[in-house]
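Trainee: I should like to go through this structure with you, one topic at a time. May I begin with the strands?
Mentor: Please do.

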Amino acid sequence: MKKYLFNPYVLCLVAFASLTSCSNSNKNTSRATGWQINSKEGGFQYNTNFKEQETAPGLVFLEGGTFVRGKVQDDVMHDWNNTPTQQHVQSFYMDETEVTNKMYMEYLDYLKSVYPPDDPAYANIYQGALPDTLVWRNRLGYNEVMTNNYLRHPAYAEYPVVGVNWVQAVQFSEWRTDRVNELMLEREGYLAKNSKYAVVNGETQGTFSTETYLNSPENVYGGQIDSLQGKAKRDSTNVFAKRSSGIIMPSYRLPTETEWEYAATALVGTREYNNYRGRKKYPWEGEYTRSGKRKNRGDQLANFKQGKGDYGGIAGWSDDSADITAQVKSYPPNDWGLYDMAGNVAEWVADVYRPIVDDEANDFNYYRGNVYMKTSIGEDGKVEIVGRDGIKYDTLSNGRIVARDLPGEIAMVPINENDTYLRTNFDRSDNRDYRDGDKGSTRYYDMFSDDGELDDSKRMYNAPENKIERDSLGNIIKQIDESNSRTTLINDEVRVYKGGSWRDRAYWLDPAQRRYLPQYMATDYIGFRCAMSRVGSKAKEKKTPRH
């Protein structure tokens, strides 16, 4: 018969394990200290009820993963700018459809209501956001019906907006972020019901900015936020939402080129190995632009130019049902549930264009275009808020004036050497031309002249530097760069656009294809859609951990 001896050490271990198990079962007990979290007595407050990021209006969730960006097929245009590279993309969200005329008109209506164009202080805000409707004109074509009607007529409400340059697309995304976060704060009781309409109705003198709310909430709505507080105000510890509240959505933004291509390729629905190696030709399965399914066999799967003088096919037969753009959701979505990732309109993405994709430097969330900024702090130690008289405008190369910041937003400044001291992951604010294949990218090459100025003659991407400014009377003064030493049109303000459009042949429907235009230019075939980063887990349905 075995004898069981009393062992106080083992007994202590069992008791401790039991205590630890009980402690860990309570999500409001700290695993660091054993203290109570969110207790009535005080102490550390934290949102322990957060489940996962909510899918914001208009978006579709895309689980991240690896894929081959670029293509291994022949390059008909001989650009050689889409060499295959293996990349990994974090999970993110993307607009189900391209931004439509109706969506953009909501933006314009808001700007016109809040910043009346007849007010001299706001004169250029609304004007700077207007799409260029003259993009429809052609010297030898009659397109005035689109020039006059495409943006505003209800017949085109659900058609993708065009005539929008890259800068305007970015500013729309920023505006959309603030409006959605206003809605979220109102829904959760941090703002009073219908407070999101207070600015439009003239009930307050200031607007809502997400970053201002997070950094200096007392300055939101022109300092009148107290009058718009919701039911959360009753709890003195919960007057304002914070980032840790889990309510504030990440920013709407333009997708990176890598994200856009990953979303368009939609490998999630394929089981062919070659497709994973960069050989998938279109957002759908197969090598053809027509459907092979019995129900709609022969129907075109996208809106594109089918041949010279053929923008839609023969009327009533073999037709893609569109001659210019088409209403969104007119064609089947890809396997992510995204519409028109090929055809209809090409789309702006966030990246600065370079023919080289430097996967040796980075193969995770690849993006060229980082300009790191920080909050501007005044002499009083407080964040600086843009006021009515502090609006700064940028004059684009084509003479259009756009507001850099809107009233109520936080003023931002570039990071400096104090912010980058002894850092290894970045050492300057503007990283758009980092390792771009230029001679200046080499470690030992001196790209500066004797006087310390950047020597353009030594640079590969020495695009013309046309200058434009306005005098005190508002007249445009143009200075065209007529130098004979310029060898390229590529610079740090040239942006990528992806996907084929109603004006393009089927070759451009391939998600790997890439083109570029200056960020101030707009056309009748480029639109955009927004994306949003995913915070937290990679997948919506968390996988059971292995033991």
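Trainee: In which sense do β6 and strand β15 pair, parallel or antiparallel?
Mentor: β6 and β15 (residues 526-527) pair in the parallel sense, over two bridges. Strands here are DSSP runs of E with at least two residues, helices are runs of H or I with at least four, and both are numbered from the N terminus. Two strands count as paired if DSSP finds at least two bridges between them. One bridge partner in β15 is G527, which faces E347.

Trainee: Before we go on, what kind of model is this, and how are residues numbered?
Mentor: It is a predicted model, in which local features need pLDDT of at least 70 and side-chain atom pairs count only at pLDDT 80 or more, while totals for chains, interfaces and linings use all residues. Residues are numbered from 1 along each chain as its sequence is written, and side-chain values use heavy atoms, with hydrogens and water left out.

Trainee: Back to β6: how does it pair with β13?
Mentor: β6 and β13 (residues 494-498) pair in the antiparallel sense, over three bridges. W348 has Y497 as its bridge partner in β13.

Trainee: How many residues of β6 are buried?
Mentor: Seven of its seven residues are buried, and β6 is mostly covered. Buried means under 20% relative accessible area, exposed means over 50%, and partly exposed is in between, with a 1.4 Å probe and protein chains only.

Trainee: What is the strand order in the open sheet of four strands?
Mentor: The order is β1-β4-β16-β5, with antiparallel pairing. The edge strands, each pairing on one side only, are β1 (59-62) and β5 (252-253). β1 and β4 (residues 92-95) pair over four bridges, and F92 in β4 is the bridge partner of L62.

Trainee: Which helix packs on that sheet?
Mentor: Helix α7 (residues 257-265) does, touching β1, β4, β5 and β16 (531-533). Its direction makes about 75 degrees with that of β4. Contact means heavy atoms within 4.5 Å. Axes are lines fitted to C-alpha atoms, for helices over the stretch in contact, and angles run from 0 to 180 degrees between N-to-C directions.

Trainee: Turning to α5, how far does it reach?
Mentor: α5 has 22 residues and reaches 32 Å from its first C-alpha to its last, close to the 32 Å expected at 1.5 Å a residue. The expected span is 1.5 Å times one less than the number of residues. Of the 22 residues of α5, 18 are buried, so the helix is largely enclosed by the rest of the structure.

Trainee: What caps its N-terminal end?
Mentor: N165 does, with a side-chain oxygen 3.1 Å from the backbone nitrogen of V167. At the other side, α5 is followed by G189, whose phi is positive, near 90 degrees.

Trainee: And which elements do the buried residues of α2 pack against?
Mentor: They pack against α3 (123-129) and α5 (166-187). Among the buried residues of α2 are Y104, Y107 and Y110.

Trainee: A change of topic: how many salt bridges are there?
Mentor: The count comes to 30, where a salt bridge is a side-chain nitrogen of Lys or Arg within 4 Å of a carboxyl oxygen of Asp or Glu. One of them joins E182 and R179, at 2.9 Å from N to O. These two are three residues apart in helix α5, and are therefore separated by about one helical turn. E182 is buried at 1% relative accessibility, and R179 is buried at 16%.

Trainee: What does the pair D358 and R435 tie together?
Mentor: D358 forms a salt bridge with R435, the closest N and O atoms being 2.6 Å apart. D358 lies in the loop between β6 (346-352) and β7 (373-375) and R435 in the loop between α9 (417-420) and β11 (467-470), so the pair ties together parts that are 77 residues apart in sequence. D358 is buried, at 11%, whereas R435 is partly exposed, at 37%.

Trainee: Which residues do salt bridges that share partners join into one network?
Mentor: The network consists of R69, E257, E261, K498 and R514.

Trainee: Finally, is N81 buried or exposed?
Mentor: N81 is buried, with a relative accessible area of 3%. N81 is found in the loop between β2 (65-69) and β3 (85-89). Not counting residues up to four places away in sequence, N81 touches D75, Y353, P355 and R514.

Note on methods. A polar contact is a pair of N or O atoms within 3.5 Å; within protein, one must be able to donate a hydrogen and the other to accept it, and residues adjacent in sequence count only if both atoms are side-chain atoms.
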